[in-house]
Protein chains: 2
Amino acid sequence: MTQGGRPRFAAFLAFLTEQAEERGKSEAAILAETAPYLAALVAEDDWLDEAFARPDAGRYQQHLLFCDPLRRFSVVSFVWGPGQATPIHDHMTWGLVGMLRGAEISEGFALRSGVPVKTGEVRLEPGDVIALSPAEGDIHRVRNAHADRVSISIHVYGDDIGRVDRHIFSPEGDVKGFVSGYSNALLPNLWGRA
Amino acid sequence: MTQGGRPRFAAFLAFLTEQAEERGKSEAAILAETAPYLAALVAEDDWLDEAFARPDAGRYQQHLLFCDPLRRFSVVSFVWGPGQATPIHDHMTWGLVGMLRGAEISEGFALRSGVPVKTGEVRLEPGDVIALSPAEGDIHRVRNAHADRVSISIHVYGDDIGRVDRHIFSPEGDVKGFVSGYSNALLPNLWGRA
Ligand SMILES: [Fe+3]
Ligand SMILES: [Fe+3]
Ligand SMILES: [Mg+2]
């Protein structure tokens, strides 16, 4: 993390906290106003400490960077090793994904008689942001677009996403509950001396 | 940190965040309402992860545990090695000190013609809490009450205390600016799976 990058990320958390306190704010307004700020944040890859950029050979990593104590939002660094992918899943809260490093592919699904049917896909390059809204349909499957390098995206959710009761869908339409947790026991210290 | 202790500390941070949003709340009301909550927290020594309880042979440690992104409060674990002590100092914001483990002695001072004159002292044992108010006079010097063991107190301040411009007073009345910073680059992750 550079001297310049740390305050930039801390300022993003200040923005998210102020926004969380606007109690009547709609999900649509939150997504619309957070997306450009997240896009500006991930447009520069100078602020994520190496500890939160580390892949794991076994599984994609979900490093919590910050969680609001009132569970109004959390920010997570997803680190994809070569070829790693999620199952088809939902979020049960709003979300935003901003691409920081490398690239990922998000395939969207809609349930038809309980079976996930692919509706499209998008490839995210550094600086790109997509929104996830349960009301609009947020079921997707995400994978590293690269078979030979690490990719990292920064996710913002409207809850402590690591403890939300969510769902995984098999291609055949079997549904399983899951709680993602986080990969890390320690968070970055963004505070103190400027 | 036990399974039971982690949610108890997370609940304290939720309380502090809700309180911070009561924008008209006076410093006196903040101190009065936070003190019993902090006392209940430090009455049980089952929630501080070992990483934030580690002393350093050279200097007392100030481990940031959480900082509000809007700098309305921070929570810090002070770890005193045997015989370690602060200089005489102020805080420039409200504070609360809750004794978690061991014991410490806080000597109060008032400036008389710029020279710090001792006004009293208090010994804190586990579960004890004292308040610090710049308006009431918060200049003090703190030391481990034990010469042969580690003591730990949990501090709450009305700012990101590690970056506040503060003052150190020599016994002769010389004043020096200081910014304390924090000892740690990583914070505890209190979130995710319950
Ligand atoms: Fe997702
Ligand atoms: Fe002090
Ligand atoms: Mg506001």
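## Strand pairing across the chains

Strand β12 of chain A, spanning residues 186-188, pairs with β12(B) in the antiparallel sense, and three bridges join the two strands. Within this pairing, A:Pro188 has B:Leu186 of β12(B) as its bridge partner. The model described here is predicted.

## Extent of the contact

Chain A and chain B each bring residues to the contact: 31 residues from chain A and 31 residues from chain B. The area buried between the two chains is about 2500 Å², and carbon and sulfur atoms give 61% of this area. On the side of chain B, 24% of the area buried against chain A is supplied by B:Pro69, B:Asn189 and B:Trp191, more than by any other three residues.

## Polar and charged interactions

Four salt bridges are counted between chain B and chain A. One salt bridge joins the side chains of B:Arg23 and A:Glu21, with an N to O distance of 2.3 Å. In addition, 15 residue pairs are in polar contact between the chains, both residues of each pair being at pLDDT 80 or more.

## Composition of the chain B side

Three elements of chain B give two or more residues to the side that touches chain A: α1 (5-21), β1 (61-67) and β12 (186-188). The largest share comes from α1(B), which gives five residues. By residue class, the side of chain B that touches chain A holds 16 nonpolar, seven polar and eight charged residues. The element β12 of chain B, listed among these contributors, is also the strand that pairs with β12 of chain A.

Technical notes: Residues numbered from 1 in each chain as written. Chains lettered and ligands numbered in written order. Predicted model: local features only at pLDDT ≥ 70, side-chain atom pairs only at ≥ 80, totals over all residues. Heavy atoms only, no water. Contact = heavy atoms within 4.5 Å. Buried area = accessible area lost by both parts, 1.4 Å probe. Polar contact = N/O pair within 3.5 Å; in protein donor to acceptor, adjacent residues only side chain to side chain. Helix = DSSP H or I, 4+ residues; strand = E, 2+ residues; numbered from the N terminus. Nonpolar A, V, L, I, M, F, W, Y, C, P; charged D, E, K, R; others polar. Pairing = 2+ DSSP bridges.
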